[in-house]
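Ready for a few warm-up exercises on a protein model? Have a look at the sequence and the fold first, then try each task before reading its solution.

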Amino acid sequence: MSFKIDRGLFKYDFIDHHAILCVPVDADVKEIRKRYLQIARRLHPDSSFTESAAQKQLGNELLSKLVNPAYEKLTGDRTHAEYIVILSQIGKRLAQESTSVTLNTDLARQLAETPNVEHFYKNAIAKLAQTQYDSLEQALQVIAQVSELNLVYLMRSAGKSSAASPPPAQPKVQSGTPQPNTLPEPAPLKEDSIVEQYVRRAQSLIDKNQFPQAKVELQDALKLEPKNSRCHSLIAMVYLKQNQLKMAKIHFDNALKLDPNDVTALQWKPKLDKALGQQPSDHKVTSSPNNKDKQPDKSGSGGLFGGFFGGKKK
């Protein structure tokens, strides 16, 4: 069976894996996994929902050719990061070329006009997810509908960053009903951008002392927004807790250049500067008079900044 979809983001030679799983484009890995397990139980050949041989075959093909690849793409560290970058680029392109965008569904047209983009989008996705694979024969149509919502959401989110420019023109619609010439100016979104998703995940990992994973999240965020002071101060803290002091200093300096009032950088940079100034050229650390000199602990669990962090895990 052919699984060709020619609406939404699929029209741009892009496989919309979020639409296949019916999750928002800013869904985290936990949400993606939960949704995947729901779909897998529904489509598996042993499912009670697929009683006929034809249904079992169709469900298995949807699972193996669409759902499994989507899950793998969205949960792989490298593939997910690359995919998010591409989504961001597509959103910017759509915002610039909105007059050539055709919307086929009422939901997509409503999302294009609503002042509360975030609320409407998340609710629409959640509602469609409830019945997405109830009718296997209609599954591709639902995926196409979800992808149209993703398209509009990305377009309006990208429009947020161009507040100084005129609002984009109203996308073309298939209906004969007269439409206004322009979209209403996108309402400010909550702090829920793609970069903010990275930052929240990184903060959660830092709280769990999972510093290597947090560093990966923040590095991906900085690829998208290299001038984000919050990302610089957070990754500086990660380097600091791993006793990579020079890297921590670089990012604290960047954070303060971008935002002189960055609280984290203001708090820790003076301590870091003082500690670096105390290090001899052989990189040994001078401890208290009662202790012998020792090499910095590279594990991140103690060492030079053990006194600063108190040895406590958050």
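Below are five exercises, each followed by a worked solution.

A word on the ground rules: this is a predicted model, in which local features need pLDDT of at least 70, side-chain atom pairs count only at pLDDT 80 or more, and totals for chains, interfaces and linings use all residues. Residues are numbered from 1 along each chain as its sequence is written, and side-chain values use heavy atoms, with hydrogens and water left out.

**Exercise 1. Place His-80: find its helix, say whether it is buried or exposed, and list its contacts beyond its neighbours within four places in sequence.**

Step 1: Start with the helix. His-80 sits in α4, which covers residues 77-96. Helices here are DSSP runs (H or I, at least four residues), strands are too (E, at least two), and both are numbered from the N terminus.

Step 2: Check the accessibility. His-80 has a relative accessible area of 10%, so it is buried. The cut-offs are under 20% for buried, over 50% for exposed and in between for partly exposed, using a 1.4 Å probe and protein chains only.

Step 3: Look for contacts, meaning heavy atoms within 4.5 Å. Once neighbours within four places in sequence are set aside, His-80 touches Lys-73, Leu-74, Tyr-198 and Arg-201.

**Exercise 2. Work out which residues line the largest cavity, and which helix gives the largest share of that lining.**

Step 1: Get the idea. Rolling a probe the size of a water molecule over the atoms shows where empty space is left. On a 1 Å grid over the protein atoms alone, a cavity is a set of points where a 1.4 Å probe fits but cannot get out; a pocket is an open set with protein on both sides within 12 Å along at least five of seven lines; and lining residues have an atom within 4 Å of a point. Grid points are joined across faces, edges and corners, and a volume is the space filled by probe spheres set on the points.

Step 2: Count and size. There are two cavities of 30 Å³ or more, and the largest has a volume of about 50 Å³.

Step 3: Name the lining. Around the largest cavity you'll find Val-25, Asp-26, Ala-27, His-80, Ile-84, Ile-194, Gln-197, Tyr-198 and Arg-201.

Step 4: Sort by helix. Both α4 and α8 (194-207) supply at least two residues each, and α8 gives the largest share, with four.

Step 5: Sort by class. The lining of the largest cavity has five nonpolar, two polar and two charged residues. Here Ala, Val, Leu, Ile, Met, Phe, Trp, Tyr, Cys and Pro count as nonpolar, Asp, Glu, Lys and Arg as charged, and the others, Gly among them, as polar.

**Exercise 3. Compare the end-to-end span of α8 with what you'd expect, then find what its buried residues pack against.**

Step 1: Apply the rule. The expected span of a helix is 1.5 Å times one less than its number of residues.

Step 2: Compare. With 14 residues, α8 should span 20 Å, and its end C-alpha atoms are 20 Å apart, which agrees.

Step 3: Look inward. The buried residues of α8 include Tyr-198, Arg-201 and Leu-205, and the buried set packs against α4, α9 (211-224) and α10 (229-241).

Step 4: Peek past the end. Just after α8, Asn-209 takes a positive phi of about 60 degrees.

**Exercise 4. Find the salt-bridge partner of Arg-201 and say whether Arg-201 is buried or exposed.**

Step 1: Set the rule. A salt bridge is a side-chain nitrogen of Lys or Arg within 4 Å of a carboxyl oxygen of Asp or Glu. That rule gives nine salt bridges.

Step 2: Find the partner. Arg-201 pairs with Glu-217, with the closest N and O atoms 3.1 Å apart. The pair links distant parts of the chain, as Arg-201 in α8 and Glu-217 in α9 are 16 residues apart.

Step 3: Check burial. Arg-201 is buried, at 16% relative accessible area, and Glu-217 is buried at 16%.

**Exercise 5. Trace the salt bridges of Lys-249 to Asp-253 and Asp-273.**

Step 1: Begin inside α11 (residues 245-258). Lys-249 and Asp-253 are four residues apart there, so about one helical turn separates them. Their closest N and O atoms are 3.5 Å apart.

Step 2: Step across. Asp-273 bridges to Lys-249 at 3.3 Å between the closest N and O atoms. Asp-273 lies in α12 (residues 263-277) and Lys-249 in α11, so the pair ties together parts 24 residues apart in sequence.

Step 3: Join them up. Lys-249, Asp-253, Lys-269 and Asp-273 are linked in a network of salt bridges.
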